[in-house]
Amino acid sequence: MTVRTRFAPSPTGYLHVGGARTALFSWLYAKKTNGQFILRIEDTDRARSTEESVQAIFDGMAWLDLTHDEGPFFQTDQFPRYLDVIQQLLKQGDAYYCYCSAEEVEAMREEQRANKQKPRYNGKCRHRTEPVEGVTPVVRFKNPEQGEVVFDDLVRGEISIANQELDDLIIARSDGTPTYNLTVVVDDLDMNMTHVIRGDDHINNTPRQINIMKALGGNIPRFAHVPMILGDDGARLSKRHGAVSVMQYRDEGFLPEALLNYLVRLGWSHGDKELFSRDEMIELFDIKDVNRTASAFNTEKLLWINQQYIINSDPQRLVEPLAEQLKALDCDVEKGPSLIEIVKTQQERSKTLKEMAEKSLMFYKEYDEFDEKAAKKNLKEASLEPLEMMRDKFKALDEWSKEPLHQIILGTAEALELKLGKVAQPLRVALSGTSVSPALDATLFLLGKELSIKNINRGIDYIKNRILQQES
C-alpha cells in the first residue's frame with residue numbers, strides 16, 4: 001500500500017502557522033514512508049473563498065518548500081461528482097430530504113436544552129415520503145441509530161462515539177450545494193487517501209465522516225488528530241499574538257527552514273535534539289510520537305532557532321532574502337557594498353534578516369544626526385586628535401581592506417599612548433552616528449573610503465563645535 005496524505009486548506013485567508021504545521025506533519029509522514037503528498041483546496045465556501053487566499057496558500061507552501069506530488073485540486077471543480085454521490089445516498093436510503101425550517105430546528109434544540117438533552121436534529125423528516133409545498137429541502141445523511149463508531153487515532157489512541165450521539169447532518173444545502181462533511185469524504189475516497197492528518201478541532205467530524213464512508217462502501221483511512229497551537233498566554237493562537245501568517249514570518253526576516261524546524265518541535269520531539277535538517281526531520285519523524293496535549297507558541301524560542309540558522313548558514317544563502325529586506329527599507333542594493341560581505345559581517349549579530357538589514361542601513365544611508373548620548377560620551381575634545389590622525393592615515397591609504405584599516409586603528413592608539421577604547425569608540429560614533437556597529441575594520445571597509453572619511457569629518461566638526469560652545 002502506498003501511503004497518501006493530504007493538506008486541504010480552505011482559501012478564506014492566509015496560510016497560518018497551525019495549517020503550516022499540519023501540512024508539515026502530513027508532508028513528513030508521506031516522505032518518511034515513500035508515499036505521496038496531495039494538495040487540495042477546499043473552496044466550496046464561495047462567499048468567503050478568494051483568489052488572493054488561494055495564492056497566499058500557494059506562496060506559503062512554496063516558501064516553506066513543502067512540494068506536493070499531486071494537485072492542487074479544487075473542490076469547486078468536483079461539484080457534479082458531489083451531486084452524483086448525494087443522489088446515490090438518496091437512492092440507497094442513506095439520505096433523505098428535510099423540509100424543516102431553521103426556526104423549527106432551533107425550536108427542537110431549545111426544547112432539548114430545557115430538558116437537559118444534547119441539542120440535535122430529532123429526525124422529524126426521516127420517514128417523510130411527501131414533499132412540503134413551497135419549501136426547498138436540504139438533504140440530510142441518515143446516520144445509523146444503533147452501534148458506535150470506533151477508530152484508532154494515530155495520535156490519541158482509540159476513540160469511540162455512540163451513533164446515538166450523532167444527528168443526521170446536512171450534506172446538501174437548500175440551494176443544492178454540498179457541505180464540508182460530504183465533500184471531504186468524497187474527495188478522500190476518490191483520491192485514495194490512506195492517512196488523514198489534521199487538527200483536533202475535526203475530531204467531532206470524524207465519526208460522521210466515517211459513517212458516510214461506510215455508506216459509500218469506501219476504504220476508511222487512518223486518522224491522526226494533532227493538538228492545536230496556543231499562544232504564550234495559553235489562549236488559542238490568533239492575530240493578537242503577533243505574526244501568525246506564514247508569509248508574515250518571511251517579511252519579519254525569518255528563514256523558512258528555521259520556521260519549519262520550530263513547527264516540527266511544536267508537539268513532537270526526538271530526545272533533547274532542538275535543531276533538525278530537513279533530511280533529519282524526514283528520517284526521525286513519526287506521527288505516533290506527536291503529543292496529545294496542545295503546544296504553546298514561544299516567539300523567543302523561534303527567534304533563537306532562527307538565529308542559529310542564520311549563524312550556521314552559508315553566507316550566499318542569505319544574500320537574496322537580505323536584499324529583499326533592504327529593499328523594503330528603501331535601500332538601493334545595486335549601489336551599496338557587497339551583500340555577501342554584509343552577511344559575513346552581521347551573521348553573528350542578528351536574530352532575523354530584518355534585524356540584519358536594519359543594522360546595515362548605515363552602509364546605504366547617511367545618518368541624520370548623532371545619537372545624543374553616544375556623542376556626548378565619546379565625541380569630546382580628547383577624541384579630536386585620534387580622529388584627525390586616523391582620518392589622515394585613512395586618506396593616504398592605497399589599499400582599502402580590513403587588515404590595513406585595523407592596523408591604523410591599533411597604530412593610532414599606540415602612537416598616542418591611549419587605550420584602544422579611547423580611539424575605537426569615538427571612531428565608531430563618528431562612522432555610524434551611534435555607539436553600536438560591527439567591528440570597526442569591517443564597518444570602514446563596507447562604508448568605503450569616501451563615506452568613511454566624510455563621517456569622520458562630521459565627528460571632528462561636532463567636537464570642534466562643541467569646544468566653541470564651551471568657550472563661548
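Which residues of α2 are buried? The points below take up that question and then the rest of the model, which is a predicted one.

1. Helix α2. This helix covers residues 51–64, 14 residues in total. From its first C-alpha to its last it reaches 20 Å, close to the 20 Å expected at 1.5 Å a residue. The buried residues of α2 are S53, V54, A56, I57, G60, M61, W63 and L64. After the helix comes D65, which has a positive phi, near 60 degrees.

2. G60 within that helix. G60 sits in α2 and has a relative accessible area of 0%, so G60 counts as buried. With neighbours within four places in sequence left aside, G60 is in contact with L15, V246 and M247. G60 and T412 are 352 residues apart along the chain, and their C-alpha atoms are separated by 53 Å.

3. Strands β1 and β2. Strand β1 (residues 4–7) and β2 run parallel and are joined by four bridges. One of the pairings sets R4 against its bridge partner in β2, Q36. Strand β2 spans residues 36–41; five of its six residues are buried, and therefore β2 is largely enclosed by the rest of the structure.

4. The three-stranded sheet. An open sheet has the strand order β4-β5-β8, and its pairing is antiparallel. Its edge strands, each pairing on one side only, are β4 (95–98) and β8 (170–172). From one strand to the next the twist averages 45 degrees. Helix α3 (residues 79–92) packs on this sheet and touches β4, β5 and β8. The direction of α3 makes about 100 degrees with that of β4.

5. The β4–β5 pairing. Strand β5 covers residues 138–141, and four bridges link it to β4 in the antiparallel sense. A95 stands opposite F141 of β5.

6. Cysteines. How many disulfides does a search of the whole structure find? The search finds zero. The pair C100 and C125 deserves a comment. The sulfur of C100 has its closest cysteine sulfur in C125, at 3.6 Å, which is too far for a bond. The limit applied to a disulfide is a pair of cysteine sulfur atoms within 2.5 Å. Seen from C125, the closest cysteine sulfur is that of C100, again at 3.6 Å, so no bond is assigned to C125 with that partner. Both residues are shielded: C100 counts as buried at 13% relative accessibility, and C125 is buried with a relative accessible area of 0%. For reference, a disulfide is a covalent bond between the sulfur atoms of two cysteines.

7. Nonpolar cores. The largest nonpolar core has 99 residues, and those with the most contacts inside it are I287, F394 and L427. Helix α1 (residues 17–32) gives the most to this core, contributing nine residues. Apart from the largest core lies another, of 27 residues, among them V85, A172, V184 and V196.

8. F394 in detail. Which residues is F394 in contact with, leaving aside its neighbours within four places in sequence? They are W400, L405, I408, I409, L427, L444, K449, I453 and I456. L427 is thus listed as a contact of F394 and is also named with F394 among the residues having the most contacts inside the largest core.

9. L387 in helix α15. L387 is found in α15, which covers residues 384–396. Is L387 buried or exposed? L387 counts as buried, because its relative accessibility is 0%. Not counting residues up to four places away in sequence, L387 touches L379, P426, L427, A430, I456, I460 and I463. Between L387 and F73, which are 314 residues apart along the chain, the C-alpha atoms are separated by 66 Å.

10. Q346 in helix α12. Q346 belongs to α12, which runs over residues 339–346. Q346 is buried, since its relative accessible area is 0%. Its contacts, leaving aside neighbours within four places in sequence, are M356, K359, S360, F363 and P438.

Key. Residues numbered from 1 in each chain as written. Predicted model: local features only at pLDDT ≥ 70, side-chain atom pairs only at ≥ 80, totals over all residues. Heavy atoms only, no water. Helix = DSSP H or I, 4+ residues; strand = E, 2+ residues; numbered from the N terminus. Buried < 20%, exposed > 50% of the residue type's maximum accessible area, 1.4 Å probe, protein only. Contact = heavy atoms within 4.5 Å. Pairing = 2+ DSSP bridges. Axes fitted to C-alpha atoms, helices over the stretch in contact; angles between N-to-C directions. Expected span 1.5 Å × (residues − 1). Core = buried A, V, L, I, M, F, W, Y, C linked by side-chain atoms within 4.5 Å.
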